[in-house]
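Q: Please take a close look at one helix of this protein and say which way its buried residues face. I am new to the structure, so a few other places to compare it with would help.

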Amino acid sequence: MPAAPNRRAVAVILLVPLIVTLSLWAFSWPAARIAPRDLPVGVAGAAPAADQLQSRFEQREGAFEIHRYADEAAARAAIEDRVVYGAVAVTGKGPQLLTASAASPVVAQLLTEAVKASAPAGTAVPVTDVVAAPEADPRGAALGASLLPLALAGVAAGALVTVTGLRGARAAVTLAGASALVGIAATAIAHSWLGVVTGDWWTEAGAIGLTVLAIASAVGGLAALLGPKGIGVGALLMVLLGNSFSGLTSAPQLLPEPAGLIGQWLPPGAGGSLLRSVAFFDGAAAGGAALTLAAWSAVGLAALLAGACRRPEPGAPAEPSAERREPALTS
């Protein structure tokens, strides 16, 4: 049996378990370590009652990042601006919990359980959902499931541009057009049909399209610089890490460090945060995520153009060598 096929067989035998191991690590590790880590929450009201509430949160060291507000109205405004995930307000009738299930149903449930468990026995803590998740998706399951198809669409677009031989400006325009159509199609399904996002229709389509463009241009740019193996590198980066570290099904502050931070630097995580902001919070706190996606898109498209300058267009006639030109010049 030839040596080359033997080496390829051994490579496949070793590569498949390695990919499975990395996939299980990337998807299972964050899910198995869900817990609050510097989770922004608010405490509203006058001292000393508000001070007592704050001290209860601070007993869990490193779990919560406390923001103080003068009254319930200020805490509500902070939730609507996505500064905090929820708040406990001290009122004349006792403590009241303010949540935002649209920001994260998991965090809303976590805060509800924590506040009710710490309340004195027999004390009822009313809960107000300031920004509620849509009735069609109260647990955010559909929104969380939408991220993987978008990541796969971006990887597929970048790969198809590469294998079909599109280069330079033509490849960039193709990716932009495909991403825009994906944004329109996905919004038609998620907003118009399923009703799992409820913001401005065209803003949602733009957020989805920008997310797909950032992923597609990153994959296409890596392929333009590294060759076909760049597709694999981009797919692993966007699907394996970007999707599993996005925190869209829970919250970035619930993932083990540094997974939550890495996820927000990658297009899937930034795209999920941007879509949540424009779908439920009128674009509040969307600037950072939009800037991240724009940076990935710009760098990826620049890599596409740089790769086209380095190598000739497929099918273009090669320039004759000096030896082949010399007889013509002599004659």
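A: What follows looks at one helix, then at two residues in other helices, and ends with the confidence of the model.

The model is predicted. The part chosen is helix α3, which spans residues 72-80. Its buried residues are A75, A78 and I79. These residues lie on the same side of α3, because they cover an arc of only 100° around the axis. In general, an α-helix has 3.6 residues a turn, so residues three or four places apart point the same way. The buried residues of α3 pack against four strands: β1 (39-44), β2 (64-69), β3 (87-91) and β4 (94-99). Just after α3 comes R82, with a positive phi of about 60°.

Two leucines elsewhere serve for comparison. L175 belongs to helix α7, residues 168-193. L175 counts as buried because its relative accessible area is 0%. Among the residues that L175 touches are A157, V161, L213 and L304. L213 is 38 residues from L175 in sequence, yet their C-alpha atoms are 6.6 Å apart in space.

L22, in helix α1 (residues 3-32), is partly exposed, with a relative accessible area of 36%. L22 forms a nonpolar surface patch together with L15, L18, I19 and W25. The accessible area of this patch is about 460 Å².

As for confidence, the mean pLDDT of the protein is 90, and 93% of its residues reach 70 or more. Over residues 315-326 pLDDT stays under 50, and the model has two contacts beyond four places in sequence for this stretch. Where pLDDT is low, the predicted coordinates should not be read in detail.

Key. Residues are numbered from 1 along each chain as its sequence is written. This is a predicted model: local features need pLDDT of at least 70, side-chain atom pairs count only at pLDDT 80 or more; totals for chains, interfaces and linings use all residues. Side-chain values use heavy atoms; hydrogens and water are left out. pLDDT is the predictor's confidence in each residue, from 0 to 100. Contact means heavy atoms within 4.5 Å. Buried means under 20% relative accessible area, exposed over 50%, partly exposed in between (1.4 Å probe, protein chains only). Helices (H or I, at least four residues) and strands (E, at least two) are DSSP runs, numbered from the N terminus. The arc is that of the directions from the helix axis to the C-beta atoms. Patches are made of residues with over 30% relative accessible area and no salt bridge: like charges are joined within 9 Å, nonpolar side chains (Val, Leu, Ile, Met, Phe, Trp, Tyr) within 5 Å. Accessible areas come from the Shrake-Rupley method with a 1.4 Å probe; for residues, only the protein chains shown count as cover. A salt bridge is a side-chain nitrogen of Lys or Arg within 4 Å of a carboxyl oxygen of Asp or Glu.
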